[in-house]
Amino acid sequence: MGSRDGSGGDGAESHGYAADIHSIREAQARIAPYIHKTPVLSSTSIDAIAGKQLFFKCECFQKAGAFKIRGASNSIFALDDDQAAKGVVTHSSGNHAAAVALAAKLRGIPAYIVIPRNAPACKVDNVKRYGGRIIWSDATIESRESVAKRVQEETGAILIHPFNNKNTISGQGTVSLELLEEIPEIDTIIVPISGGGLISGVALAAKAINPSIRILAAEPKGADDSAQSKAAGKIIRLPATNTIADGLRAFLGDLTWPVVRDLVDDIIVVDDNAIVDAMKMCYEMLKVAVEPSGAIGLAAALSDEFKQSFAWHDSSKIGIIVSGGNVDLGVLWESLYTR
């Protein structure tokens, strides 16, 4: 593995992973003009409940409301002018869609966004706000991919994959660089897992900087394909998913799976009730509105599964990646109106 300051060789390179500390540092420089360096928050009240020091990397304050702008902007600004001229296409349930639309707008090129019909309205509104051209698909990943392929063939646009892409993974890894630059004593990072782009980037960067750091994934029970994949030693795709965490319904790709297999130390599975409880805690104690996918890291940190593990006993300062804050609060606002 690399040295603790990241100046030595990256151990990931010898394993042929899609990204490494060098590509992640290149991404950090490339995307700096287009993203926010998000704050790290903490709460003594939450620490008392958790029994550990928790540091929340709040990507809910990121442009477009989620970490996805990191990978999207890195991918889009890495294109040469000829590649970019015909625009970009992607498929996403929401946050990546908005990120690609925004990054394309910043570059001045068209963005074709394939969105499943069950995507949250607030996330669809974000895509429209940034000028993305929406094409609807069915909810399944197979439908999303096939519609995106058809759009790509019709337009010549470049596919910006939501997770299974070197530039996407490298961009997401910049979250790790920022977190460990600010709180270098963190010994454990808990990261939401779905397609694996975020956790792959986080793990590759963090373990290059500090080989002994622990990377834990947080996954919803109704979409626990990553936990099943780790147990089986191969990628498992579920016939269907059922979770409130709409951003965590994708499956691992061939570029993210090797990183998850080798560098993610454990996967903590939590149910939707625990996710909702964590959202409520973020709102009431951190004073931050967090979507279900973004709250799952806190849910995992508070779970019995984690507290009964060796990882809990060996952890003292835990980074929590709050991946996004695009939650539909329409029902809440309606409940506050006087009749």
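Both faces of strand 8 are covered in this predicted model. On one side sit Arg 214, Leu 216, Ala 218 and Pro 220, and these are buried. On the other side sit Ile 215, Ala 217 and Glu 219, and these are buried too. Strand 8 covers residues 214-220, and seven of its seven residues are buried, so the strand is largely enclosed by the rest of the structure. Buried here means under 20% relative accessible area.

What lies beside strand 8? Strand 7, residues 188-192, is joined to strand 8 by five bridges. The two strands run parallel. Look for Val 191, which stands opposite Ala 217 of strand 8. Strand 9, residues 266-270, is also joined to strand 8 by five bridges. This pair runs parallel as well. Here Pro 220 has Val 270 of strand 9 as its bridge partner. Strands of a sheet pair through backbone hydrogen bonds, either parallel or antiparallel.

Now follow the chain from strand 7 to strand 8. Helix 9, residues 197-209, belongs to this stretch. Strand 7, helix 9 and strand 8 together make a right-handed β-α-β unit.

Turn next to another group of strands. An open sheet of four strands has the order 5-4-3-6, with parallel pairing. Which strands stand at the edges? They are strand 5 (133-137) and strand 6 (158-159). Each has a single partner strand, so one side of each is left without a neighbour in the sheet. Strand 4, residues 111-116, is joined to strand 5 by five bridges. Within this pair, Tyr 112 has Arg 133 of strand 5 as its bridge partner.

Helices pack on this sheet. Helix 5, residues 95-107, touches strand 3 (88-91) and strand 4. The direction of helix 5 makes about 170 degrees with that of strand 4. Helix 6, residues 121-129, lies across strand 4 and strand 5. Helix 6 runs at about 145 degrees to strand 5.

Helices also meet helices. Two packed helices are described by the angle between their axes and the distance between the axes. Take helix 1 (residues 21-31) and helix 3 (residues 68-77). Their axes come within 9 Å and cross at roughly 85 degrees. An angle of 65 to 115 degrees counts as roughly perpendicular, and helix 1 and helix 3 are therefore roughly perpendicular to each other. Helix 1 makes the contact with Ala 27, Arg 30 and Ile 31. Helix 3 brings Arg 70, Ser 73, Asn 74 and Phe 77. By class, this contact has three nonpolar, two polar and two charged residues.

Ser 170 touches residues of both these helices, Ala 27 and Asn 74 among them. Ser 170 itself lies in helix 8, residues 166-182. Is Ser 170 buried or exposed? It is buried, with a relative accessible area of 1%. Ser 170 also touches Ala 19, Ser 23 and Ile 24.

A second helix pair is formed by helix 12 (residues 272-286) and helix 13 (residues 292-301). The axes come within 8 Å and cross at roughly 95 degrees. Helix 12 and helix 13 are therefore roughly perpendicular to each other. From helix 12 come Ala 274, Ile 275, Ala 278, Met 279, Met 281 and Cys 282. From helix 13 come Pro 292, Ala 295, Ile 296, Leu 298 and Ala 299. What classes of residue make this contact? It has eleven nonpolar, no polar and no charged residues.

Definitions and conventions. Residues are numbered from 1 along each chain as its sequence is written. This is a predicted model: local features need pLDDT of at least 70, side-chain atom pairs count only at pLDDT 80 or more; totals for chains, interfaces and linings use all residues. Side-chain values use heavy atoms; hydrogens and water are left out. Buried means under 20% relative accessible area, exposed over 50%, partly exposed in between (1.4 Å probe, protein chains only). Two strands pair if DSSP finds at least two bridges between them. A crossover is right-handed if, with the strands pointing away from the viewer, the path from the first strand over the helix to the second runs clockwise. Axes are lines fitted to C-alpha atoms, for helices over the stretch in contact, and angles run from 0 to 180 degrees between N-to-C directions. Angles under 35 degrees count as roughly parallel, over 145 as roughly antiparallel, 65 to 115 as roughly perpendicular and the rest as oblique. Contact means heavy atoms within 4.5 Å. Ala, Val, Leu, Ile, Met, Phe, Trp, Tyr, Cys and Pro count as nonpolar, Asp, Glu, Lys and Arg as charged, and the others, Gly among them, as polar. Lists of a residue's contacts leave out its neighbours within four places in sequence.
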